[in-house]
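Here's a quick briefing on the structure shown below. Have it open as you read, and follow along residue by residue.

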Amino acid sequence: MKFSKENIKIPDWILHHLRKYGNCCCGRDIVKKIGREKIIEVLEQEGYSCILKIIYENKYRYKRRVKYPIDAYYILEVECVVKSYYI
């Protein structure tokens with residue numbers, strides 16, 4: 001899977017999971033190749049307002065912050081706006 005700066009395509013399985021479940025655990029390689037900010041921007045253009053959470057498997061292992069840690073989970077979640085109406 002190659003990504004160029006002009007033509008970035010999110011894999012179909014990520015879009016399917018975001019549409020069906022509202023979240024998706026994507027791999028480190030996808031996030032590293034596309035970039036944190038760029039993947040959010042591309043998903044915004046696709047119609048998904050998402051946030052990217054990086055959850056460390058062992059938070060005490062890393063003494064310094066690593067941009068793309070190997071032992072971490074990369075989770076994309078659709079931001080849900082809750083609207084409440086008073087009658």
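**Cysteines and the rest of the picture**

Cys24 counts as buried, at 5% relative accessibility. Keep in mind that what you're looking at is a predicted model. The notes below start with the cysteines, then move to the overall layout, the core, one loop proline and the charged pairs.

**Cysteines**

- How many disulfides does the structure hold? The count is zero.
- For Cys24, the closest cysteine sulfur belongs to Cys26, and at 5.7 Å that's too far for a bond, given that a disulfide needs the two sulfur atoms within 2.5 Å.
- Cys50 has Cys24 as the owner of its closest cysteine sulfur, and the 9.2 Å between the two sulfurs is again too far for a bond.
- Cys50 is buried as well, with a relative accessibility of 5%.

**Overall layout**

- The protein chain has three helices and three strands, and reading from the N terminus the order is α-β-α-α-β-β.
- Of the 87 residues in the protein chain, 26% are buried.
- About 7000 Å² of the protein chain is exposed, and 51% of that comes from carbon and sulfur atoms.
- Take the contacts in the protein chain between residues at least 6 apart in sequence: 57% of them join residues at least 24 apart.

**Nonpolar core**

- In soluble globular proteins, nonpolar side chains tend to end up buried together.
- Here the largest nonpolar core has 19 residues, and the ones touching the most other members are Ile10, Ile14, Leu18, Ile39, Leu43 and Leu76.
- Which elements each supply at least two residues of this core? They are helix H1 (12–20), strand E1 (23–26), helix H2 (28–34), helix H3 (36–46) and strand E3.
- Ile39 is a handy one to click on: setting aside neighbours within four places in sequence, Ile39 is in contact with Ile10, Ile30, Ile34 and Leu76.

**A loop proline**

- Pro69 sits in the loop between strand E2 (50–56) and strand E3 (72–78).
- Is Pro69 buried or exposed? Pro69 is buried, with just 1% relative accessible area.
- Ile55 is 14 residues away from Pro69 along the chain, and their C-alpha atoms are 9.5 Å apart.

**Salt bridges**

- Side chains of opposite charge can pair when their charged atoms come close.
- With a cut-off of 4 Å between the side-chain nitrogen and the carboxyl oxygen, the count is three salt bridges.
- Lys9 pairs with Asp12, with 3.3 Å between the closest N and O atoms. Both ends count as exposed: Lys9 has 52% relative accessibility, and Asp12 has 54%.
- Glu41 and Lys38 form another salt bridge, at 3.3 Å from N to O. Both residues belong to helix H3 and are three residues apart, about one turn of the helix. Glu41 is partly exposed at 40% relative accessible area, and Lys38 is partly exposed at 29%.
- Lys53 and Glu77 make a salt bridge too, their closest N and O atoms being 3.2 Å apart. Lys53 lies in strand E2 and Glu77 in strand E3, so this pair ties together parts that are 24 residues apart in sequence. Lys53 is partly exposed, at 35% relative accessibility, and Glu77 is partly exposed, at 25% relative accessible area.

Methods
Residues numbered from 1 in each chain as written. Predicted model: local features only at pLDDT ≥ 70, side-chain atom pairs only at ≥ 80, totals over all residues. Heavy atoms only, no water. Helix = DSSP H or I, 4+ residues; strand = E, 2+ residues; numbered from the N terminus. Buried < 20%, exposed > 50% of the residue type's maximum accessible area, 1.4 Å probe, protein only. Contact = heavy atoms within 4.5 Å. Areas by Shrake-Rupley, 256 points an atom, 1.4 Å probe, with all protein chains shown as cover. Core = buried A, V, L, I, M, F, W, Y, C linked by side-chain atoms within 4.5 Å.
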